[in-house]
Structure formats: structure tokens, C-alpha cells
Amino acid sequence: MSDAATPEGTPKKKKSTLFKEPRSAMPEQDPQERIKNFREVPFGYTPELARREAERCIQCKKPHCIDGCPVAIDIPRFIRQIHEGDFDAAVKTIKETNVLPAICGRVCPQEEQCEKVCNLADSKKYQPVAIGRLERFAADWEAARGKIEPPTCAAPTGKKVAVVGAGPAGLTVAVDLARRGHKVVVMEALHKAGGVLVYGIPEFRLPKVIVGREVDTLAKMGVELRTNVVVGKSIPVDDLLQEYDAVFIGTGAGLPYFMGIPGENLNGIYSANEYLTRVNLMRAYNFPTDDTPVCRGRKVAVVGGGNVAMDSARTALRMGADEVHLLYRRTRTEMPARIEEVHHAEEEGVRFQFLTAPLKYVGDKENRVCGAHCQRFELGEPDASGRRRPVPIKGDEFDIELDMAVCAIGNGPNPLVPNAQPDIKTRRGGNIVAEKGTCRTSKKGVFAGGDIVLGAATVILAMGAGRNAAQAIDDYLKTGEWPELGELEVK
Amino acid sequence: MPMMNELLEKETLAPKVTRYVVRAPDVARFRQAGQFVIVRIAEDGERIPLTIADADREQGTVTLVVQEVGKTTAAMTRLEVGKPILDVVGPLGAPTHIEKLDYVLGVGGGIGIAPLHPICQAFRAAGTHVEAILGARNKDLLILEDWMRRACDQVHVCTDDGSYGEKGFVTHVLERLIGERKPDLVVAIGPLIMMKMVAKVTQPHGLKTMVSLNPVMVDGTGMCGGCRVSVGGKTRFVCVDGPEFDAHQVDYDELLSRQRFYLEQEKQAYQRYVEAVGHGPEECRIRGGQQS
Ligand SMILES: Cc1cc2nc3c(=O)[nH]c(=O)nc-3n(C[C@H](O)[C@H](O)[C@H](O)COP(=O)(O)OP(=O)(O)OC[C@H]3O[C@@H](n4cnc5c(N)ncnc54)[C@H](O)[C@@H]3O)c2cc1C
Ligand SMILES: Cc1cc2nc3c(=O)[nH]c(=O)nc-3n(C[C@H](O)[C@H](O)[C@H](O)COP(=O)(O)OP(=O)(O)OC[C@H]3O[C@@H](n4cnc5c(N)ncnc54)[C@H](O)[C@@H]3O)c2cc1C
Ligand code: SF4
Ligand code: SF4
Ligand code: FES
């Protein structure tokens with residue numbers, strides 16, 4: 001590694017004009033090569049590339065980028081530190097507010113957040129600073145030198161908090177409470193911590209060692225992790241409240257939606273959750289060395305247009321599919337997936353079929369899916385979400401052949417805890433009702449945040465909720481007060 | 001602190017059927033009749049669901065009765081007593097709805113007798129008169145007769161070949177018994193074919209009948225949807241909505257085909273395993289009595 005940490009020669013004086021240039025690309029695996037493996041697609045910036053990109057930041061007086069980040073990282077400061085070659089300081093800056101930078105740098109929808117409002121992007125003339133890539137660089141830099149420092153913890157307070165669910169929301173709450181000296185026990189239903197980060201988002205986008213590292217940090221801070229505990233089944237929330245001073249529910253949006261069309265229960269049709277869980281968490285790509293099997297479709301259809309759909313489609317390619325068709329009811333502009341992922345999927349050969357959705361699946365005599373009957377749509381008036389509503393074009397229907405399909409049309413809130421504990425109020429649709437800014441629920445001592453409150457959202461929003469909840473839990477542990485809920489979090 | 005998930009006892013009940021007693025205090029404390037656990041025995045292992053056949057709250061133990069049908073269930077038989085099982089999670093699934101009824105008739109076939117046991121126990125504890133029909137292919141394969149005799153007021157045994165009890169299928173005994181006295185509820189657990197036949201027998205009599213389904217599962221918490229079945233034309237997730245459903249509403253053929261989806265891969269995994277641990281080739285017969 002080059003000696004990039006020396007700040008000498010920083011071109012502070014002469015004004016850089018690099019901001020006018022395009023942002024630095026990240027070197028990445030060749031598409032033809034990478035569809036044959038599960039290794040991460042981008043290699044990340046080199047120190048040189050990072051410093052060059054950091055130089056593009058014009059260090060605004062009013063840095064809008066900060067407002068665009070749900071956890072308000074001091075972006076100009078950490079970017080300046082990268083530019084100066086003081087990568088350690090950059091990591092410290094980021095970690096003041098974001099405990100999972102290696103993860104956010106990879107999976108945040110930056111183009112909708114920090115980078116969207118970067119003043120450079122605002123000018124319309126220039127490209128925004130690649131904030132996410134720089135964040136990722138800093139975090140990887142720290143990890144590569146093998147000295148990730150766990151945050152220091154305050155003296156023990158004697159208070160105990162139970163955190164339910166080890167996704168980004170739960171992990172963040174745990175770190176922030178441990179910092180404040182509280183004893184934290186994280187309970188996770190699966191055999192591995194990380195939530196969607198381990199069972200959903202594939203290795204080629206978020207290597208599992210990175211998640212593992214963050215989980216290790218928790219252990220170093222004295223947080224106890226209990227896997228294989230399904231709260232509401234293995235132990236009721238009420239029992240937790242007897243043993244713990246507060247409970248945080250971060251159980252996510254793990255309930256897969258199906259379309260409810262004929263043939264959907266045929267063999268070879270998966271929810272994205274099942275497909276990705278088999279491949280990622282259970283390592284079915286490694287069958288039969290690993291025991292869990294999965295269908296290796298040759299002609300695959302993936303239904304949906306979000307990150308989950310992109311992940312499923314790209315996974316199917318890596319599992320050996322000849323053709324992967326992505327069926328989406330609207331057009332490219334309405335796709336909720338991160339632009340980078342759409343771009344990657346396209347490079348890898350995923351075939352996008354816009355304005356298309358299956359009406360029914362057809363099976364062979366062994367009840368395996370062998371085709372789909374599809375409908376074409378056109379865009380009509382905007383719906384409640386502001387996106388133009390797809391309207392079926394009468395008579396424009398067609399058949400496709402396939403031997404596997406993945407339904408990636410969305411997930412609902414995990415109903416396990418609210419079902420078992422009806423005094424934790426939910427909204428229609430099943431999301432837990434929680435107060436904005438504090439994550440307090442209708443039940444005293446119980447807080448909730450992340451996807452279980454917001455519906456399927458993002459990693460950084462789940463973390464943001466975790467931070468707020470940790471603060472509010474800390475307050476509650478001090479005062480014991482539980483006033484009427486104020487303004488509620490809405491989806 | 002005692003070792004979590006320690007395997008405390010292991011006993012062969014019949015050819016390819018083993019009883020395991022595992023230390024799992026929380027599962028033992030909260031489990032109710034009809035619930036199951038998910039077990040994983042190795043880092044590269046599959047997650048498999050197994051019914052809690054019995055539990056001891058005081059001792060903090062649960063009993064599993066497992067038939068060897070493939071790689072994981074075969075590998076389980078080699079687990080060492082005194083060592084922990086890697087993952088045991090539960091209790092999962094919706095508990096059986098237990099209430100005091102006049103008369104409940106259980107029908108258990110093969111390994112299905114194990115999951116039937118806690119249900120009979122619970123109904124009896126609620127003050128219900130409980131009888132059970134136990135069926136097996138032959139005398140050697142009949143399991144848990146003594147348990148069932150303790151859990152029920154009366155037990156009727158039949159074997160396909162007549163080597164023990166009545167000769168014939170459980171459905172024959174069932175026809176006869178319901179002709180004598182109509183139960184308020186029939187609970188049937190066993191191979192899918194058996195459950196389907198039981199449903200056929202009870203439907204014309206208008207007898208409320210429950211079956212316990214066993215699709216392929218992954219998480220067991222409602223997250224993957226892999227365990228879905230059609231019940232009354234609606235898609236249900238067995239791990240959270242079940243495992244028990246109205247026997248007259250279940251699409252058995254769909255479930256059967258879904259259970260068999262990974263057959264080729266399962267055979268391959270089993271074969272590999274058998275080669276690695278060095279059983280004779282005659283042991284390669286996959287899925288022993290599962291569908292019998
Ligand atoms: C395939 C996929 C790709 C995605 N890609 C992106 C992306 O690129 N960028 C982005 O920002 N977001 C992405 N998301 C969304 C993001 O992952 C989620 O918004 C985020 O993980 C929510 O965090 P959470 O902590 O609320 O819940 P989760 O990550 O869902 O974690 C919840 C945890 O709780 C556990 N749990 C559930 N019930 C119980 C219980 N009763 N007891 C104990 N534990 C329980 C679950 O097993 C799970 O581990 C993606 C989601 C998916 C599915
Ligand atoms: C709710 C429930 C309760 C069960 N209780 C018992 C029990 O008490 N005793 C018992 O012996 N068996 C029970 N089973 C069945 C048991 O889970 C399977 O026999 C076991 O998973 C087979 O694993 P294997 O690797 O040995 O065999 P494999 O070779 O993998 O599979 C053999 C057959 O078992 C079924 N199966 C495979 N993988 C799974 C899986 N992950 N989940 C569910 N089924 C699978 C399939 O039908 C398959 O064809 C239960 C199943 C369910 C769903
Ligand atoms: S955490 Fe996400 S939103 Fe915030 S700066 Fe990093 S990439 Fe941008
Ligand atoms: S808005 Fe953009 S250019 Fe300005 S400080 Fe933030 S990252 Fe730098
Ligand atoms: S096993 Fe995954 S939803 Fe039932």
C-alpha cells in the first residue's frame with residue numbers, strides 16, 4: 001500500500017478544477033467474468049483514486065449533502081480528510097454518526113440521498129461527488145489494516161436492554177446503547193446475525209465478511225448475541241420486559257408478497273426471500289458441499305423492479321441461467337432499484353421487459369413451472385405514490401417459456417411479534433406504530449424501528465431509526481417516563 | 001450454565017427411527033402441542049423442521065422422534081450424546097387448538113405417531129376422551145405404542161401385513177370406529193397419502209378433521225414462503241399459519257409435488273453422504289417409509 005497517509009503536498013492553495021471532470025469510476029470485475037462468480041463486483045477505489053475523487057468536493061459553505069444523509073455524516077469533513085490523505089481521521093469522522101460505513105457505502109441509494117443534493121449535482125452542470133464510494137473506501141481502508149477500533153463504552157449503568165432482530169436497525173441500537181454503558185442482549189430468529197444484509201443482499205454486492213466484521217465489533221463491545229431466538233415464540237415480549245428495562249423491536253419486513261395469480265405455487269416459483277435465502281444464507285450455490293438445494297433455472301423470469309428484483313436476477317445468472325428476464329409493470333424511470341444495480345444488471349445481460357407482468361403461470365405434468373402468460377401495460381395517471389399507474393392494454397397478452405420464476409414484488413412487515421403481543425399497536429398493513437424521532441410504541445418500555453415500522457425501506461433509514469431509538473431508550477432508562485405518543489412515524 | 005442444545009439421549013425405536021432428547025429449556029417452557037423446532041446440525045447443514053414429540057419443563061428438555069429419510073436425518077444419528085446440536089430454534093408454528101371435547105380420535109401413521117402424541121396428550125389433559133389408531137407397515141416399524149397408550153384412553157393398532165394388531169390400513173379401522181361412535185374431531189398425521197385417505201373417509205360423515213402438513217421449510221418464521229400450500233383455494237404458510245389445517249380443504253397433490261421438488265438433489269446429497277461415511281449400498285434406499 002502506498003504511503004498515502006502523509007499530508008504533504010496537498011494542493012490546498014491552488015484551486016482545483018477537478019469538480020468539472022466526471023467522477024472517478026470504481027474499477028470492477030468484467031461483466032462476462034463476474035457472472036461466473038459470487039465475488040464482489042467493484043474493487044473499490046485505490047488511495048489515489050479516492051484522493052482524486054475527494055478533490056472534486058468543493059467544500060461548500062452550505063453543504064447540502066449532509067442534509068441528504070439520514071444520519072447526517074459530516075461529509076465535507078471526511079472528504080477533506082481523505083483528500084489530505086488522513087484516512088484514519090476520515091473513518092473517525094464517519095463513525096461519529098454511522099456505525100456501519102462499509103455497508104452504507106455499498107448499499108445506500110446515494111443517488112436519492114447525499115449525492116442527490118450535493119451542490120455539484122444541483123448545478124446540473126457537474127456530477128455529484130461520489131460520496132458513497134469515498135465512504136466505502138475509508139471503511140475498507142480501516143478494515144484492510146486490521147485494526148477496526150470498537151467504539152469506547154461508558155461505565156456500566158446496570159441497565160439491561162433486549163434488542164429483537166439483528167438487522168441494521170437492531171445492530172445500530174445495540175452499538176449505541178453499549179456505548180452508553182448499558183448491557184445489551186440481541187436476539188435473532190435466524191442462526192446468523194445481519195438481517196437482510198446476510199440473507200437477502202448477495203455476496204457480489206455486500207461480502208458477508210463485512211457484515212461479520214460489524215457483528216464482531218458488537219461482541220467486542222460486550223453485546224451478547226443470541227441467535228435462534230424467535231421473540232413471540234421462543235419467548236414473549238412480556239417476559240422480556242420482566243428481565244430487561246427496555247425492549248427494541250427491529251424485526252424487519254420479512255413477509256414476502258405474492259401476486260395471487262394462478263399457478264404461483266408451482267414448483268420452481270420462489271419468493272425473492274426464499275431464493276436469496278437459499279443461495280446467500282444457506283449457500284445453495286455450493287450444493288452439494290452445502291446441504292441446501294436450490295433450483296438452477298435456465299430460463300428465469302424475475303418479477304419486480306426494485307433492488308430485490310435486481311439481486312434475484314443477477315443471482316440467477318450466477319447460478320447458471322442462460323436467460324434472465326426481468327418483468328416490470330412500469331418503465332425504467334419508475335424502477336425503485338439503485339441506478340448502479342440496474343446498470344450492473346444490464347451489463348451482465350439481464351433482459352428488461354418493461355410494461356409487462358405475468359397473469360398466470362403454466363406448469364408441466366410434474367407441477368413444475370414451464371411458462372407464463374403475460375400482460376402488457378401502458379402508463380396512465382399518477383397514483384398515490386406519484387408514479388404513473390400501469391394500465392393493462394386490452395388484448396396485448398403473450399406467452400413466455402421459463403423453468404424458474406422469482407417473485408420480487410415486495411415484502412410486508414413481519415407479523416410475528418405484533419401477533420403474539422397485540423398491545424403493541426399496528427397500522428393497517430401490519431407495521432408497528434411508533435413515535436417519530438423516538439421509536440416509542442404504544443406499549444411502555446417497547447421501542448420499534450426500521451422496516452417493521454417503515455415498511456420495506458433502506459439500510460440507512462433503519463440505522464437512523466436505530467440511532468434515534470438508542471437515544472430515546474437512554475432517556476427512558478434515566479427518567480422512566482412514557483408520555484402520550486406524539487407525531488407518529490409514517491411510511 | 002448447562003450446555004445449550006446438549007444431546008442428552010439417543011435411542012433407536014425402530015429401523016431408521018431414532019428418539020433424541022435435547023436440552024432446550026426455553027423451548028420446553030413455551031412449547032404447546034402441535035409445535036415444532038428447526039434444527040441445523042452443521043455449518044454447511046440444512047435447516048430441517050421436527051415436531052416436538054414431548055417435553056419436560058422441569059428438566060428443560062424436548063424429545064424429537066426422527067425418521068432417517070435423507071442426508072440430514074441420517075447425519076443426526078451420528079450425533080454424539082453429551083455434545084451440543086448446533087442450532088435448535090422454536091417452538092415454531094401455531095399450537096393446536098385444544099379444548100375439552102367429548103371425543104377426539106387420533107390417527108397416526110408411521111413416523112406421524114410422534115407428532116400425534118403431544119396432541120392426544122393435550123386433549124386428554126383438557127378432559128377429552130381420546131382414542132388413537134396407530135398404523136405401520138409391520139410390527140417392527142410401529143413406534144411409540146407405549147407412549148400412546150399412556151396418552152390416550154384407548155389405542156387401536158393395525159399393520160399392513162397383519163404382523164401386529166389388526167391387519168389392514170388405518171382407514172379400515174377408522175371406518176369401523178366412526179361407525180360405532182362419531183368423534184367431535186379427527187386428527188390425522190402421517191404420510192400425505194394416508195392423510196388424504198383419512199380426509200376422504202371422514203368427509204361424507206361431516207366429521208371435523210385436522211391434518212398436520214410437512215412441506216419443505218427454510219426459516220420456519222414466515223419469511224420465505226417456501227412452505228406455502230393451498231388450503232381452501234388460499235395460499236397459506238405452513239410454518240406460521242399451520243402446521244395443522246382442515247383436512248377437507250388441503251390440496252394434497254400440490255403439496256406432494258412440492259415435497260418432491262428437490263428429490264434429485266436430495267438423492268445426490270444422501271448418496272454422497274453415505275459414500276463418505278461408508279454405509280453399505282443397501283442403505284442408499286432413500287426416504288425409507290416416508291411415503292408408505
Ligand atoms: C434483497 C434485498 C436487497 C436490498 N437492497 C438494498 C440496498 O441496496 N440498499 C438499501 O438501503 N436497502 C436495501 N434493502 C432494504 C434493506 O435491506 C432493509 O431496509 C433493511 O435491512 C431493514 O433493516 P431492519 O433492521 O429493519 O430489518 P432486517 O434487515 O429485515 O432485519 C430484521 C431481523 O430481525 C429478525 N427477526 C424477525 N422476526 C424476529 C423475531 N420474532 N425474533 C427475533 N428476530 C426476528 C430477522 O430474522 C432479521 O434478521 C434490500 C432488501 C432486500 C430484501
Ligand atoms: C412441521 C414439520 C414437522 C416435521 N416433524 C417431523 C418429525 O417429527 N419427525 C421426522 O422424522 N420428520 C419430521 N418432518 C419431516 C422432516 O423435516 C424431513 O424428513 C427432513 O427435513 C428430511 O431431511 P433430510 O435431509 O434427512 O432428507 P432430504 O433428503 O433432504 O429430504 C427427504 C424429504 O424430506 C422433505 N424435506 C427435505 N428438506 C426439508 C426441509 N428443509 N423442511 C421440511 N421437509 C424437508 C422432503 O419431502 C424431501 O423429499 C417434519 C416436517 C415438517 C414440515
Ligand atoms: S450513509 Fe448513505 S446517505 Fe449518508 S453519506 Fe453515506 S452513502 Fe450517503
Ligand atoms: S455538497 Fe457536494 S461538493 Fe458540497 S461539500 Fe457536500 S459533497 Fe462536497
Ligand atoms: S418456512 Fe419460510 S415461510 Fe415457512
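These legends go with a set of close-up views of the predicted model.

This is a predicted model, where local features need pLDDT of at least 70 and side-chain atom pairs count only at pLDDT 80 or more, while totals for chains, interfaces and linings use all residues. Residues are numbered from 1 along each chain as its sequence is written, chains are lettered from A and ligands numbered from 1 in the order in which they are written, and side-chain values use heavy atoms, with hydrogens and water left out.

**View 1. The surroundings of ligand 1.** There are 36 residues around ligand 1 (a residue is near if one of its heavy atoms lies within 4 Å). Val107(A), Ala169(A), Glu188(A), Arg205(A) and Asp451(A) come nearest. Now for the polar contacts (pairs of N or O atoms within 3.5 Å). An oxygen atom of the ligand sits 2.6 Å from an N or O atom in the side chain of Glu188(A). Backbone partners turn up too: a polar backbone atom of Val459(A) is 3.0 Å from an oxygen atom of ligand 1, and one of Pro168(A) is 3.2 Å from an oxygen atom of ligand 1.

**View 2. The shell of ligand 4.** Cysteines in this shell include Cys57(A), Cys60(A), Cys65(A) and Cys118(A). Also here are Ile58(A), Pro63(A), Pro76(A), Asn119(A), Val129(A) and Ile131(A). The tally is nine nonpolar, one polar and no charged (Ala, Val, Leu, Ile, Met, Phe, Trp, Tyr, Cys and Pro count as nonpolar, Asp, Glu, Lys and Arg as charged, the others, Gly among them, as polar).

**View 3. Phe447(A) meets Trp482(A).** Rings of Phe, Tyr and Trp (its six-membered ring) pair if their centres lie within 6.5 Å, with planes under 30 degrees apart called stacked, over 60 edge-to-face and the rest tilted. That gives 12 aromatic pairs over all chains. In this one, the ring centres of Phe447(A) and Trp482(A) are 5.0 Å apart and the planes stand at 80°, so it's edge-to-face. Phe447(A) is in strand β15 (residues 446-448) of chain A and Trp482(A) in the segment after α18 (459-479) of chain A, so the pair ties together parts 35 residues apart in sequence. Phe447(A) is buried (under 20% relative accessible area, 1.4 Å probe, protein chains only; exposed is over 50%, partly exposed in between) at 0%. Trp482(A) is buried as well, at 18%.

**View 4. Glu274(A) and chain B.** Glu274(A) belongs to helix α13 (residues 272-281) of chain A and is buried at 3% relative accessibility.

Definitions and conventions
Helices (H or I, at least four residues) and strands (E, at least two) are DSSP runs, numbered from the N terminus. A polar contact is a pair of N or O atoms within 3.5 Å; within protein, one must be able to donate a hydrogen and the other to accept it, and residues adjacent in sequence count only if both atoms are side-chain atoms.
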